[in-house]
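Reader: I have a model open and want the reasoning behind its labels. Please take me through them, value against cut-off.

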Amino acid sequence: KKPILVSFYSPNCEYCARLEDEYEKLGVLSKGKEYSIAKLDVTRNQRVVDKYSIRYTPMIIFFIDGKAVEYVGQRIAKSMVEFIERKIKYVPKELNSKQAVQEVLKTKGFKCILASDKKGDRIEFGILGKYMEECALFQVSEGLAKEIFSNATIPSTLVLNEFDKQPFAYTGSLEYEVFISFLDKPVSYTHLRAHETGRNLVCRLLLEKKKKKKKKKKK
């Protein structure tokens, strides 16, 4: 089926009204493209709301290959087009040097680095990137990975966040449902609370960061 971006809106929602102009621009920019744009009134489609756990309006979801990916970027047409096209033509960034890897390791947030030369692994990892918003995806050769991560199991997918000095070597399946299930399991990060998952950790830290910024502005 053709990929489609859907805005779940409510007729009386102020934020939905603000999005209207940009969403119309998006419709114009998307004419003749390999994807579609649509809107759905949540007050008339309760089954769909329940099925996709619509928590607020306007909530924007991109449906591709039977998977639902929430859009959390800027609510402007240009950004939404870039998001759609990135997902359709997604290719994980190749890291070809120690310096490139070190620069990625310094960045904030979750990172998944595929350390494998197997064609099948790389194809699966690329497909995974279409649906993933939880972490940034990169890939390196097995040889380079062994030089940098000497204590890690190679081949594997190396999972890190900004607090980790050493990666966790994930050797399981790269199918979307299996990998997401892995990310949702509690893991032993220093900043993790009891029963908190890796994905929830990212959300909590972002909220705490915003709260700190607001406090500084008030002062």
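Reader: What makes Gly66 count as buried or exposed?

Author: This is a predicted model, and the value here is computed from it. Gly66 has a relative accessible area of 80%. Exposed means over 50%. Gly66 is therefore exposed.

Reader: Where is Gly66 placed?

Author: Gly66 is in the loop between strand E3 (59-64) and strand E4 (67-71). The C-alpha atoms of Gly66 and Pro3 are separated by 8.7 Å. Along the chain these two are 63 residues apart.

Reader: Why does Lys67 get the label it has, buried or exposed?

Author: The relative accessible area of Lys67 is 17%. Buried means under 20%. So Lys67 is buried. Lys67 is found in strand E4.

Reader: Which residues does Lys67 touch, leaving out those up to four places away in sequence?

Author: Lys67 touches Phe62, Tyr131, Tyr176 and Glu177. Contact here means heavy atoms within 4.5 Å.

Reader: How do you know whether Thr157 is buried or exposed?

Author: By the cut-off of under 20% for buried. Thr157 has 2% relative accessibility, so Thr157 counts as buried. Thr157 is found in strand E8 (residues 156-160).

Reader: What does Thr157 touch?

Author: Not counting residues up to four places away in sequence, Thr157 touches Cys112, Ile113, Leu114, Phe125, Phe168, Ala169, Tyr170, Leu174 and Phe179.

Reader: Now the helices. Why are H1 and H3 called oblique to each other?

Author: Two packed helices are described by the angle between their axes and the distance between the axes. The axes of helix H1 (residues 14-29) and helix H3 (residues 77-88) cross at roughly 50°. They come within 8 Å. Angles under 35 degrees count as roughly parallel, and 65 to 115 as roughly perpendicular. The angle of roughly 50° fits neither range, so H1 and H3 are oblique to each other. H1 passes H3 in a right-handed crossing.

Reader: Which residues meet where H1 passes H3?

Author: From H1 come Leu19, Glu22, Tyr23, Lys25, Leu26 and Leu29. From H3 come Ala77, Met80 and Val81. The residues of this contact divide into 7 nonpolar, no polar and 2 charged.

Reader: And the chain as a whole: how many helices and strands, and what share of residues is buried?

Author: The protein chain has 8 helices and 9 strands. Buried residues make up 41% of its 219 residues. The chain exposes about 13,600 Å². Carbon and sulfur atoms supply 51% of that area.

Conventions: Residues are numbered from 1 along each chain as its sequence is written. This is a predicted model: local features need pLDDT of at least 70, side-chain atom pairs count only at pLDDT 80 or more; totals for chains, interfaces and linings use all residues. Side-chain values use heavy atoms; hydrogens and water are left out. Helices (H or I, at least four residues) and strands (E, at least two) are DSSP runs, numbered from the N terminus. Buried means under 20% relative accessible area, exposed over 50%, partly exposed in between (1.4 Å probe, protein chains only). Accessible areas come from the Shrake-Rupley method with a 1.4 Å probe; for residues, only the protein chains shown count as cover. Axes are lines fitted to C-alpha atoms, for helices over the stretch in contact, and angles run from 0 to 180 degrees between N-to-C directions. Angles under 35 degrees count as roughly parallel, over 145 as roughly antiparallel, 65 to 115 as roughly perpendicular and the rest as oblique. A crossing is left-handed if the near helix is turned anticlockwise from the far one by less than a right angle, and right-handed if clockwise. Ala, Val, Leu, Ile, Met, Phe, Trp, Tyr, Cys and Pro count as nonpolar, Asp, Glu, Lys and Arg as charged, and the others, Gly among them, as polar.
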